[in-house]
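Student: I should like to take a close look at one part of this structure, namely the salt bridges and the strand from which they can be followed. Please describe that part in a connected way.

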Amino acid sequence: MDGQFRTRDLYLSAFLKVAEVPMLPNEQEDGVTLFVFEDPDGIVRQLKDEYFSDFARVKALSYTRALKELKASLPRLPKHA
């Protein structure tokens, strides 16, 4: 492991942001955005387990803000005429 966690999951990424996991710049892989987080201690696995088992709790407004920030970081698709 390189001490990083990558995911395509926008909603999990918003949760990790609210959980204050340090985020690195997004990466592109085959036209898909990967959200990249620092994970030197392996804490993301525990947080991910909480998230997917529905035990995770976050402040709703903080989660909404994190989602908006992540969406804004996605590359814009060209508009068709």
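Tutor: In this predicted model, a search of the whole structure finds 4 salt bridges. A general remark helps at the outset: side chains of opposite charge can pair when their charged atoms come close.

Consider Arg 6 to begin with. The side chain of Arg 6 meets that of Asp 2 in a salt bridge, at 3.2 Å from N to O. Arg 6 also forms a salt bridge with Glu 27, and here the closest N and O atoms are 3.0 Å apart. This second pair links distant parts of the chain, since Arg 6 belongs to strand β1 and Glu 27 to strand β2 (residues 23-29), 21 residues apart.

How accessible are these partners? Arg 6 has a relative accessible area of 32% and is therefore partly exposed. Asp 2, at 49%, is also partly exposed, because that class ends at 50%, over which a residue counts as exposed. Glu 27 counts as partly exposed as well, with 30% relative accessibility.

Another salt bridge joins the side chains of Arg 8 and Glu 29, with a distance of 3.8 Å from N to O. This pair, too, links distant parts of the chain: Arg 8 lies in the loop between β1 and α1 (10-18), whereas Glu 29 lies in strand β2, 21 residues apart. Arg 8 is exposed, its relative accessible area being 52%, while Glu 29 is partly exposed at 37%. As for shared partners, salt bridges join Asp 2, Arg 6 and Glu 27 into one network.

The strand that holds Arg 6 deserves attention next. In a regular strand the side chains alternate between the two faces of the sheet. Strand β1 (residues 4-7) shows such alternation: Phe 5 and Thr 7 point to one face and are buried, whereas Gln 4 and Arg 6 point to the other face and are not buried. Strand β1 pairs with strand β3 (residues 32-38) in the antiparallel sense, over 4 bridges. Within β3, Val 36 is the bridge partner of Arg 6.

Finally, Phe 5 may be set beside a residue from another element. Ile 43 is found in helix α2 (residues 43-52). Ile 43 and Phe 5 are 38 residues apart along the chain, and their C-alpha atoms are separated by 9.9 Å. Phe 5 is buried, but Ile 43 counts as partly exposed, because its relative accessibility is 39%.

How values were computed:
Residues are numbered from 1 along each chain as its sequence is written. This is a predicted model: local features need pLDDT of at least 70, side-chain atom pairs count only at pLDDT 80 or more; totals for chains, interfaces and linings use all residues. Side-chain values use heavy atoms; hydrogens and water are left out. Buried means under 20% relative accessible area, exposed over 50%, partly exposed in between (1.4 Å probe, protein chains only). Helices (H or I, at least four residues) and strands (E, at least two) are DSSP runs, numbered from the N terminus. Two strands pair if DSSP finds at least two bridges between them.
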